[in-house]
Amino acid sequence: MQDLKEFADSPSSLVKREFVRALDDAINALYGGLKKEEANMELTLSEPTELNLGDISSSIAFKLAKIAKTSPVGIAKEIAKSAKPTEHILRFEDANGYVNAFVDEKKYAELVLRDITKRAKGYGRSGVGKHQKVIVEYPSVNPAHPWHVGHLRNALLGSVISNILEACSYDVEREDYIDDLGLQVATALWGWNNMGKYSGSMKFDQWLGELYVKVNAEMQKRPEVKQEIDGLVKKLEEVGSQESRTGREIAERCVAAHQQTAFAYGIYHDVMIWESDIVKAHLLSKALDVSSEILEKPGEGKYAGAIIVKLDKIAPLARELEGSREDAKVIIRSNGAATYIGKDFAFHAWKFGLIDAGFRYKKFIEQPNGKAIYSTSSEGSSMKFGNVKRAINIIDIGQTYEQLIMRVMFSLIGHREITDNIVHLAYGKVNIEGEKLSGRAGNWLGEGRNYTADDLLSEATKRAMEIAQKSEKISNKESVEQIARAIALSAVKFEYLRVAPEKEIVFSWNTALNFEGNSGPYVMYTYARARKILARGNFTSQDLSQGDISEVTRGYDFALIKKMGEAQEVVEKACAESRPNVLTDYLLDLSSLFSKFYESMPVLKGERAREVRLAIVFALTVVLENSLSLLGISTVSEM
RNA sequence: GGGCACGUGGUGUAACUUGGAUAGCACGGCAGCUUGCGGAGCUGUUGGUUGCGGGUUCAAAUCCCGCCGUGCCCGCCA
């Protein structure tokens, strides 16, 4: 287990703290009696709009001015005059009522460069998670068709958020919930029995998806098909039935195909939980036992025979539900089958260790990252999955209502802490050029409508190949394909991740295959250029000490250094908010600053500044590499 | 009927949680930069009453109230 002490202070937070202390001291000396406790000093901090205004800024004078009923300009002036320099802060100035600090660029550069070199791959990581156990659920695609471009968003978000949590010292369990008992699998099973034969010429999930679409079309023509499928849904739940065995087999083959997609995108898991194993473990009745106090079973009326939760119990804790058309939510149907909310509640009771499932697990497949995915199973051994402190569910925004009810139910049975620690990461839908992605209609696969995640990757790779083949910078032509693949992945991933999760995305080939501007390839390109400079300059990381730190100026070199000093705070922010776009923004900032540095400050011909600039370039490659790896994007040294 | 999310130049977006200096970036348009460490780049320029109207505040894209628009949800479907 990693020692959390090593994460004590990042360069940017260290300087912030010095700044805050200097301001505090100055304010106490000047206006000892003035109540400034109300103003949280941290929250007044920002970066000045221009480099020549300084490096850190505080708007504290505005708050004090209000209390003292004088002008902020005068207060800022006084504070700036009496604040004492610190180890890394040279001087203070006031401007427009702000108090600005000028960091000693030489000392700070040394601090940042040394920290990056020392921590290397660990640079940018944080200890805030304190090894708390958290389970992240994604993408939980029905095993009846391939992933489409919308499922990909879910999987990428889940995978990257897991990476970020891990970088913040959380102990992460990457979990995938497989509903092999639902209508979708029943539909596929009907097709399997009546319409199709798998020849092996196509990826299994693709084939199954097309079959699934055909069955739906058949259902429109012959209503009796729907009834047969409904019958299959029941049969699937019968432990030991022929249908349940075949259904699981089809689902497993489909999931194995999903995993090929996942691996191609560098998306991994630790454990899969199958609905059929949840049923076998009687998780539901155990969940009912612990929640019986809030459940009702009406003998008559609309909900006769079902087990329900009254919404008026929930509404006081979730005001969004007042005024709903319904007055209750069904947990168990009158036919005995659980609803989605019922299942999800039981599942979360397991996740938090409220009930024990006695699951057995077997190894499902060895992943390319060297770790196995375990799967619940009727055989195998017991393992320590679940029993977490926090659960993050990557589920689209349309399910907010259900997630809310499910979460609040825990408060009603006396587990407020569980409600508070189930995070519904509600992401916006991915639409395709004017229409919705519809699983049922299957408007995203087959016959020229290639919107599967596999289609996207092969299209992106094709496009990257065209560009990479023309590149004169790639010395080893045999690596062109591998490089093109890395570039294609970066383009697609970056494009998905740069948009805030809650926003809807209209999928378009043009933006998904963006290789310029705010894009993954742009960041990779920056990295490749930096690497080339290091190679030409024969730089090895031990040379860091040879750099003459006094050659650092207040130009783009220092701007870049400052940005690099923020890495850990950026990762912590991305983690706290579950927003990978915080990281993509950071990478673009870094890349853009490096480009400016590169254009204006020669490294190899930098004369006396050569060594320290090489060190800056090296530091940049480390920070880029670390940040990109959290996004699941790999680097190449030429492209 | 109720609720949720979104609304920022022609387009895609950042900043909204925690109010703060000239609303940042990219695409597109226009004009430039390569016998220079990699032009997938850089520089300049064009284009915004931050959906509308009020309010709070020294200060509002950000907070509050009321509207409008778009999408989604409120099922014994998952």
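## The β10–β11 hairpin

In this predicted model, β10 and strand β11 (residues 372–377) are paired in the antiparallel sense through six bridges. Within that pairing, Lys362 has Ser375 of β11 as its bridge partner. Five residues lie between the two strands of the hairpin, where Gly370 adopts a positive phi near 90°.

## The seven-stranded sheet

The hairpin strands belong to an open sheet of seven strands, ordered β10-β11-β7-β6-β5-β12-β13, with mixed pairing. Its edges are formed by β10 (360–366) and β13 (422–427), each of which pairs on one side only. From one strand to the next, the twist averages 25°.

Strand β12 (residues 390–396) and β13 run parallel and are joined by six bridges. One of the residues involved is Ile392, whose bridge partner in β13 is Val423. Helix α14 packs on this sheet and touches β12 and β13, with its direction at about 175° to that of β13.

## The four-stranded sheet

A further open sheet contains four strands in the order β1-β2-β4-β3, and its pairing is antiparallel. The edge positions are taken by β1 (45–46) and β3 (89–95), each pairing on one side only. Strand β2 (residues 56–58) runs antiparallel to β4 and is joined to β4 by three bridges. In this pairing, Ser57 stands opposite Asn100 of β4.

Helix α3 (residues 72–82) lies across β3 and β4 and runs at about 165° to β3.

## Ala65 and its surroundings

Ala65 is located in helix α2. Its C-beta environment holds 17 other C-beta atoms within 10 Å, so Ala65 is classed as partly exposed; 20 or more would be required for a buried residue, and 12 or fewer for an exposed one.

Leaving aside residues up to four places away in sequence, Ala65 touches Thr70, Ser71, Pro72 and Ile75. Pro316, by contrast, is separated from Ala65 by 251 residues in sequence and by 42 Å in space, C-alpha to C-alpha.

## The surface near RNA strand B

RNA strand B is surrounded by 81 residues, of which Ser57, Phe62, Gly323, Glu326 and Gly517 are the closest. Ser57 is also the residue that stands opposite Asn100 in β4. By class, the surface near RNA strand B comprises 35 nonpolar, 24 polar and 22 charged residues.

Several secondary-structure elements each supply at least two residues of this surface: α2 (60–68), β4 (98–103), α14 (400–412), α16 (453–470), α19 (520–536) and α22 (581–600). Among them, α2 is the helix that contains Ala65, β4 is a strand of the four-stranded sheet, and α14 is the helix that packs on the sheet against β12 and β13.

## The largest nonpolar core

The largest nonpolar core has 185 residues, and the members that touch the most others are Ile79, Ile164, Ile487, Ala619, Leu620 and Val623. Helix α23 (residues 610–630) makes the largest contribution to this core, with 13 residues.

Val623 provides a local view of the packing. With residues up to four places away in sequence not counted, Val623 touches Ile116, Tyr123, Gly124, Met564, Ala567 and Leu590.

Technical notes: Residues are numbered from 1 along each chain as its sequence is written. Chains are lettered from A and ligands numbered from 1 in the order in which they are written. This is a predicted model: local features need pLDDT of at least 70, side-chain atom pairs count only at pLDDT 80 or more; totals for chains, interfaces and linings use all residues. A nonpolar core is a set of buried Ala, Val, Leu, Ile, Met, Phe, Trp, Tyr and Cys residues joined through C-beta atoms within 7 Å. Two residues are in contact if their C-beta atoms, placed from the backbone, lie within 7 Å. A residue is near a molecule or strand if its C-beta atom, placed from the backbone, lies within 6 Å of it. Ala, Val, Leu, Ile, Met, Phe, Trp, Tyr, Cys and Pro count as nonpolar, Asp, Glu, Lys and Arg as charged, and the others, Gly among them, as polar. Two strands pair if DSSP finds at least two bridges between them. Axes are lines fitted to C-alpha atoms, for helices over the stretch in contact, and angles run from 0 to 180 degrees between N-to-C directions.
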